[in-house]
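Here are my comments on the side-chain contacts of this model, set out as numbered points. Please read them with the coordinates open.

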Amino acid sequence: MSRNERGVYIDPNGKKTFVPLENNPEVFTELVHKLGVSPELGFYDVYSIDDQDLLALIPRPAHALIFISPADVYHRVRAMESGTKELTYEGCGDREPVIWFKQTIGHACGLIALLHSVSNGPAKRFIQSKSLLDELLTEAVPLKPLPRADVLYRSDDLEKAHMSVAFKGDSVAPLAAEPNGYHFISFVKGKDGHQYELEGAWSGPIDRGALDEDEDVLSPKALQAGIRRFVEAAEGNVEFSIVALATRPSY
């Protein structure tokens with residue numbers, strides 16, 4: 001049944017499913033501000049990871065990247081991983097190098113990627129006290145992955161914030177019940193200085209190696225260990241896109 005006209009859908013197994021978000025910097029920026037991230041932060045389109053003139057358009061340092069991959073490219077890369085879709089990660093608490101969320105809401109990979117991006121690395125400093133995101137993290141961080149995921153699943157306020165932007169963007173939003181063949185992945189720099197690939201449908205965070213103190217997630221080393229693996233596996237498929245989270249120049 002549908003909870004909203006074209007909104008949240010409860011599948012026959014009782015699983016809550018959202019309208020997928022468009023990988024659109026304006027949509028993502030509006031949503032993180034609704035969740036309680038300072039207006040000092042915003043998302044930017046990454047038009048190329050090779051053209052230095054285009055990369056120069058993005059404020060640096062880049063705090064996080066969100067990469068959206070078509071299903072065939074995603075599965076090609078994942079087939080080379082040692083991990084699995086089955087949950088193996090048991091991290092919790094402030095000692096984790098990154099905060100990771102298991103995705104239990106259908107089609108919410110965009111939302112989960114966004115939460116990974118703003119809840120880790122330098123971006124976390126911009127979460128406003130007593131905001132929705134601050135309260136969700138306060139409740140969720142001490143918990144292991146499944147109880148932590150349940151904090152998001154049960155949040156009516158998070159659902160409302162998601163739905164407030166779900167039909168915005170440059171394309172027509174699909175129904176929540178429609179199949180979705182794209183995967184959103186976030187790349188962030190952890191407390192330990194390593195780059196992590198975060199995706200709620202995988203077994204846990206993927207450590208992509210150490211970065212130097214002055215290297216961000218758009219540095220050549222980070223791109224080579226992260227997004228470039230997907231681009232190379234695309235074999236000419238250009239149905240992917242990238243957005244970067246950064247401090248807005250006007251601030």
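1. In this predicted model, F67 is a buried residue, since its relative accessibility is 0%. Its place in the fold is strand 4 (residues 62–70), whereas F240 belongs to the loop between helix 9 and strand 8 (241–247), so that a contact of F67 with F240 ties together parts of the chain 173 residues apart in sequence. The two rings form an aromatic pair of the tilted kind, with 5.6 Å from centre to centre and 35° between the planes. F240 differs from its partner in exposure, for a relative accessible area of 24% puts F240 among the partly exposed residues, while F67 at 0% is buried.

2. The pair just described belongs to a set of five aromatic pairs found in a search of the whole structure. Another is formed by Y89 and W100, whose ring centres are 5.7 Å apart and whose planes meet at 85°, so this pair is edge-to-face. Both Y89 and W100 lie in the loop between helix 3 (71–78) and helix 4 (109–118), with their positions 11 residues apart in the chain. W100 counts as buried because its relative accessibility is 0%. Elsewhere, F28, F43 and F184 are linked by ring pairs into a cluster.

3. Which charged groups sit over aromatic rings is also worth a look. The charged end of K16 is placed over the ring of Y153, at 4.9 Å from the ring centre. R78 has its charged end over the ring of W202, and here the distance to the centre is 4.8 Å.

4. How many salt bridges does the structure hold? The total is 14, and one of them joins K168 to E30, with the closest N and O atoms 2.7 Å apart. This pair links distant parts of the chain, K168 being in the loop between helix 7 (156–165) and strand 5 (182–189) and E30 in helix 1 (residues 25–35), 138 residues apart. K168 is partly exposed, as its relative accessibility is 38%, and E30 is likewise classed as partly exposed, at 27%.

5. A second group of charged residues deserves a separate comment. R208 and E197 meet through their side chains in a salt bridge, at 2.9 Å from N to O; R208 is in strand 7 (residues 206–210) and E197 in strand 6 (residues 194–198), 11 residues apart. R208 counts as buried at 17% relative accessibility, and E197 is buried too, with a relative accessible area of 1%. E197 also meets R229 in a salt bridge, for which the N to O distance is 4.0 Å. Because R229 lies in helix 9 (residues 227–233) and E197 in strand 6, this contact ties together parts that are 32 residues apart in sequence. Through shared partners, salt bridges join R78, E197, E199, R208 and R229 into one network.

6. R78, a member of that network, is also one of the buried residues of helix 3, which are V73, Y74, V77 and R78. Around the helix axis these residues cover an arc of only 130°, and they therefore lie on the same side of helix 3. The elements that cover the buried residues of helix 3 include strand 4, strand 5, strand 6, strand 7 and helix 9. The list thus includes strand 6, where E197 is found, and helix 9, where R229 is found.

7. Helix 5 (residues 132–140) may be read in a similar way, its buried residues being L132, L133, L136, L137 and A140. Viewed down the axis of helix 5, these residues fall within an arc of 125°, which means that they line one face of the helix. Among the elements covering them are helix 1, helix 4, helix 6 (145–153) and helix 7.

8. A last point concerns the cysteines. How many disulfides does the structure hold? The count is zero. As for individual cysteines, C92 is partly exposed, since its relative accessible area is 30%, whereas C109 is buried, with a relative accessible area of 10%.

Key:
Residues are numbered from 1 along each chain as its sequence is written. This is a predicted model: local features need pLDDT of at least 70, side-chain atom pairs count only at pLDDT 80 or more; totals for chains, interfaces and linings use all residues. Side-chain values use heavy atoms; hydrogens and water are left out. Helices (H or I, at least four residues) and strands (E, at least two) are DSSP runs, numbered from the N terminus. Buried means under 20% relative accessible area, exposed over 50%, partly exposed in between (1.4 Å probe, protein chains only). Rings of Phe, Tyr and Trp (its six-membered ring) pair if their centres lie within 6.5 Å; planes under 30 degrees apart count as stacked, over 60 as edge-to-face and the rest as tilted. A charge sits over a ring if NZ of Lys or CZ of Arg is within 6 Å of the ring centre and within 35 degrees of the ring normal. The arc is that of the directions from the helix axis to the C-beta atoms. Contact means heavy atoms within 4.5 Å. A disulfide is a pair of cysteine sulfur atoms within 2.5 Å.
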